[in-house]
Amino acid sequence: MTTASESSRPLEGRTLIMSGGSRGIGEAIAVSAARAGANIALIAKTAEPNPNLPGTIFTAAAAIEEAGGRALPIVGDIREDAQVTDAVARTVEEFGGIDIVVNNASALDLSHADSLSMKKYDLMQNINTRGAFLLSKLCIPHLRKSPNAHVLTLSPPIDLDSKWFAGIGTGYTISKFSMSLVTIGLAAELIDDGIAVNSLWPRTTIDTAAVRNILGAELVSKSRTPQIVADAAMAILTQPASAATGRCFIDDEVLVANGTDDLSPYRVAPGTSDDLELDFWMDSLG
């Protein structure tokens with residue numbers, strides 16, 4: 001029998017480690033997990049505020065603690081093996097283990113191949129693909145000890161239609177699809193360990209500072225808030241690990257499957273009937 005306390009704080013005593021998380025979707029997931037009772041470790045580079053991208057690892061930690069969780073902000077670079085190894089060790093030392101990994105850190109450049117510098121290409125591959133692989137890999141020994149272990153990566157379903165490469169750019173598309181390949185591969189490798197490995201992606205554009213800088217105010221008004229991704233993440237991370245693995249979930253599909261009938265409160269501009277702006281690699285509102 002599930003008690004009221006268990007249902008309201010289903011991650012009580014569990015530990016989540018996240019790459020990034022200083023702002024936007026990552027911070028929303030971290031704060032939601034904190035409300036559910038989790039300890040949260042963040043590894044991110046953003047220690048100082050940026051006027052174009054507000055929020056730091058320390059402001060995120062403060063929000064996590066205000067939401068009722070325990071926070072461990074770790075300033076580090078997901079591309080550096082030693083720093084990620086240290087972050088995992090510090091998380092285990094502070095909280096006693098690791099139950100959940102969220103691969104949230106990501107670099108974005110939509111330049112096409114002829115104008116994309118190899119420095120930017122390498123940055124995307126190293127943060128997006130290699131970073132997701134590295135953090136997940138280093139946490140495996142600890143996840144094996146968890147009673148309900150999850151890895152969740154923010155990456156899309158893989159769709160090899162050429163229009164995505166033509167429209168979004170080959171470099172960024174490769175990096176995000178490769179994150180989903182990490183999900184599919186690790187799910188297969190770890191299925192006998194009972195570790196669930198899944199991906200999650202938003203159906204629509206999400207109102208974050210980074211998106212505002214790219215899309216502008218008009219398109220942001222046709223977006224949803226980060227909370228829709230956070231709520232979908234919580235639905236995945238609080239279910240038994242045996243329920244699903246190797247899946248690439250879409251946020252609104254997760255919520256509808258879990259009984260949400262009305263998604264309108266997640267709109268940036270609730271009460272409007274304007275068409276929502278689809279995110280990358282999404283064909284329709286479904």
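Which residues make the nonpolar surface patch of about 370 Å²? In this predicted model, the patch comes down to Ile158, Leu160, Leu181 and Ile184. One of these, Leu181, sits in helix H7, which spans residues 170-190.

Stepping back to the whole fold, the protein chain has 11 helices and seven strands. Its radius of gyration comes out at 18 Å, close to the 19 Å that the globule rule gives for 286 residues, so the chain is as compact as a globular protein of that length. Along the principal axes, the C-alpha atoms fit in a box of roughly 45 × 45 × 40 Å.

Now for the sheet. Strands of a sheet pair through backbone hydrogen bonds, and that can be parallel or antiparallel. Here the pairing is parallel, in an open sheet of seven strands that reads S3-S2-S1-S4-S5-S6-S7 in order. Strand S3 (70-75) and strand S7 (248-250) are the edge strands, each pairing on one side only. Going from one strand to the next, the twist averages 20°.

Zooming in on one pairing, strand S4 (residues 100-103) runs parallel to strand S5 (residues 150-154), and four bridges join the two. Among the bridge partners, isoleucine 100 is matched with histidine 150 in S5.

S5 also turns up in a helix packing arrangement: helix H10 (residues 227-237) lies across it, running at about 155° to S5. The same helix also lies across strand S1 (15-19), S4, strand S6 (196-201) and S7, the last of these being an edge strand of the sheet.

Methods: Residues are numbered from 1 along each chain as its sequence is written. This is a predicted model: local features need pLDDT of at least 70, side-chain atom pairs count only at pLDDT 80 or more; totals for chains, interfaces and linings use all residues. Side-chain values use heavy atoms; hydrogens and water are left out. Two strands pair if DSSP finds at least two bridges between them. Axes are lines fitted to C-alpha atoms, for helices over the stretch in contact, and angles run from 0 to 180 degrees between N-to-C directions. Contact means heavy atoms within 4.5 Å. Patches are made of residues with over 30% relative accessible area and no salt bridge: like charges are joined within 9 Å, nonpolar side chains (Val, Leu, Ile, Met, Phe, Trp, Tyr) within 5 Å. Accessible areas come from the Shrake-Rupley method with a 1.4 Å probe; for residues, only the protein chains shown count as cover. A salt bridge is a side-chain nitrogen of Lys or Arg within 4 Å of a carboxyl oxygen of Asp or Glu. The radius of gyration is taken over C-alpha atoms; the globule rule is 2.2 Å times the number of residues to the power 0.38.
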